[in-house]
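Reader: I'm new to this one. Could you show me how to read a few of its features?

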Amino acid sequence: RQTFLTDTVKLAFIVQRYGAEILGGSEYHCRLVAEHLAKRHEVEVLTTCAKEYTTWDNVYSEGSDRICGVTVRRFANAQSRDLKSFNEYSDWIFSNPHTTQDEERWLQQQGPWCPGLINYLEQKHKSYDALIFFTYLYAPTVLGLRIDPKRSILVPTAHDEPAIRLGIYEPVFSLPSAIAYNTGVERGFLRQRFSISAQTEEVVGCGVDLPPHLDETQSELLPNGAMEDNSENENLTKSSRQPPGALFRRRHRLHGPFALYGGRIDPGKGCEELIEYFGTYASQHGDATLALMGVKLMPIPEESFVRFAGMLSEHERLEALEAATVVVVPSPYESLSLLALEAFAVGTPVIANARSDVLTDHCQRSNAGLYYADREEFVECLQLLVGDPKLRDAMGQNGRRYVKDNYGWKTIITKYERLLNAVASKRGHRASRGFRGQSRSGRSRSRAPR
């Protein structure tokens, strides 16, 4: 039986960066969940003044702001990150015996280092019914979870990487009362790696909306990248005759098939390898372009097959995803991949890095994507999808169905309500006012997580 809080509760989301222009990663995930929960609950976000994770420089003003129905409280970072020095220290600490003090120094160097946020949380934590921490990696979570673990929910967004093996993260996974995993793959990895003592666990993920014009109840869509036959229905308006993403294609001079990547354009996201592999495809076949949208954090080679679209609004991102022949997810480290889910939602098939268990699991369960382990497999996957519109269309329909069945917002928020019921009900004044599905003893009758 599903259980829900009868009262509006006050929630604090703790995350390292927050802003409408920060697209992708745990920060974007956090914002989407916060905005949806704010439709029913009182939501505040506690975050830093940083806009970029490379430096953590204070760009936003300190104090309170209001973004899409959510109160955002920003605190200034005490220091910037020297990325070169930090990377050198990381190479050392991941490869050599070291002390707990060394790890604490590493955590501070990584940043964001924001004593003001932690001080505020220490003083005000009792005014919130639940604390929701996004991503295990950074100091606001590592330090913040110690303050009130019984009413804390952790959204780890974790994957197998060198940092997660540091001893400083052991308490992060043993402290919180509840954990919201992104996928079953992430849950399996963390339960194997750590001693999880959370009383409540859910595989939740993040919601993805199916655009209304792509709803399965409506007429069949053109395959991505196909040209429309205008011989019928001449009375249709010009805009309604355009294939999906036509405006994006014209704006960026993309006249043939193209592969799209979206997110941080960064070697750590697999982008250097992606460009190399795509170069091999282009030299052999020459009939496609690679479009890159997002923040540029590495040099982009001046190749005829590469288009840099830059930072796009959410509406333009949707246009780009619809316009693409395929979407490529080259990162070997993913805990969910909103890029893949958003591509599925608009009916665009995905080509994913096989080194990510999460991505291969998405592809297998959805039957909406292919994955590659090396250059040759990448070229073969891209050649297959570019050359077969019927296959792309079938996979696109599979992807939309997968998102609708597993990542609709109603499903996601129901799971968060269960977590909030378990955590917020520990507050005496909330429990005395009662919850649906609660026995008189105060113990929840909600089902155990699957």
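Author: Sure. Start with a word we'll need: a residue is buried when its relative accessible area is under 20%. Keep in mind that this is a predicted model.

Reader: Okay, so which residues of helix α4 are buried?

Author: First the general idea: an α-helix has 3.6 residues a turn, so residues three or four places apart point the same way. Now the case here. Helix α4 spans residues 115-124, and Leu117, Ile118, Tyr120 and Leu121 are buried in it. They sit on the same side of α4, because they cover an arc of only 160° around the axis.

Reader: And what covers the buried residues of α4?

Author: The cover includes strands β1, β2, β4 and β5, along with helix α5.

Reader: Let's try strands. How many bridges join β12 to β13?

Author: There are 3, between residues 326-329 and residues 350-353, and the two strands run parallel. Look for Val327, which stands opposite Val350 in β13. To get from β12 to β13 the chain passes through helix α11 (residues 338-345), in a right-handed β-α-β crossover.

Reader: Which strand comes after helix α12 in the next β-α-β unit?

Author: That's β14: together with β13 and helix α12 (residues 357-366) it makes a right-handed unit. β13 and β14 run parallel, joined by 4 bridges, and Ile351 stands opposite Leu370 in β14.

Reader: Last one: at what angle do the axes of α13 and α14 cross?

Author: Roughly 95°, and the axes come within 6 Å. Angles of 65 to 115 degrees count as roughly perpendicular, so α13 is roughly perpendicular to α14. Where they meet, you'll find Leu384, Leu385 and Val386 from α13 against Leu391, Arg392 and Met395 from α14.

Note on methods:
Residues are numbered from 1 along each chain as its sequence is written. This is a predicted model: local features need pLDDT of at least 70, side-chain atom pairs count only at pLDDT 80 or more; totals for chains, interfaces and linings use all residues. Side-chain values use heavy atoms; hydrogens and water are left out. Two strands pair if DSSP finds at least two bridges between them. A crossover is right-handed if, with the strands pointing away from the viewer, the path from the first strand over the helix to the second runs clockwise. Buried means under 20% relative accessible area, exposed over 50%, partly exposed in between (1.4 Å probe, protein chains only). The arc is that of the directions from the helix axis to the C-beta atoms. Contact means heavy atoms within 4.5 Å. Axes are lines fitted to C-alpha atoms, for helices over the stretch in contact, and angles run from 0 to 180 degrees between N-to-C directions. Angles under 35 degrees count as roughly parallel, over 145 as roughly antiparallel, 65 to 115 as roughly perpendicular and the rest as oblique.
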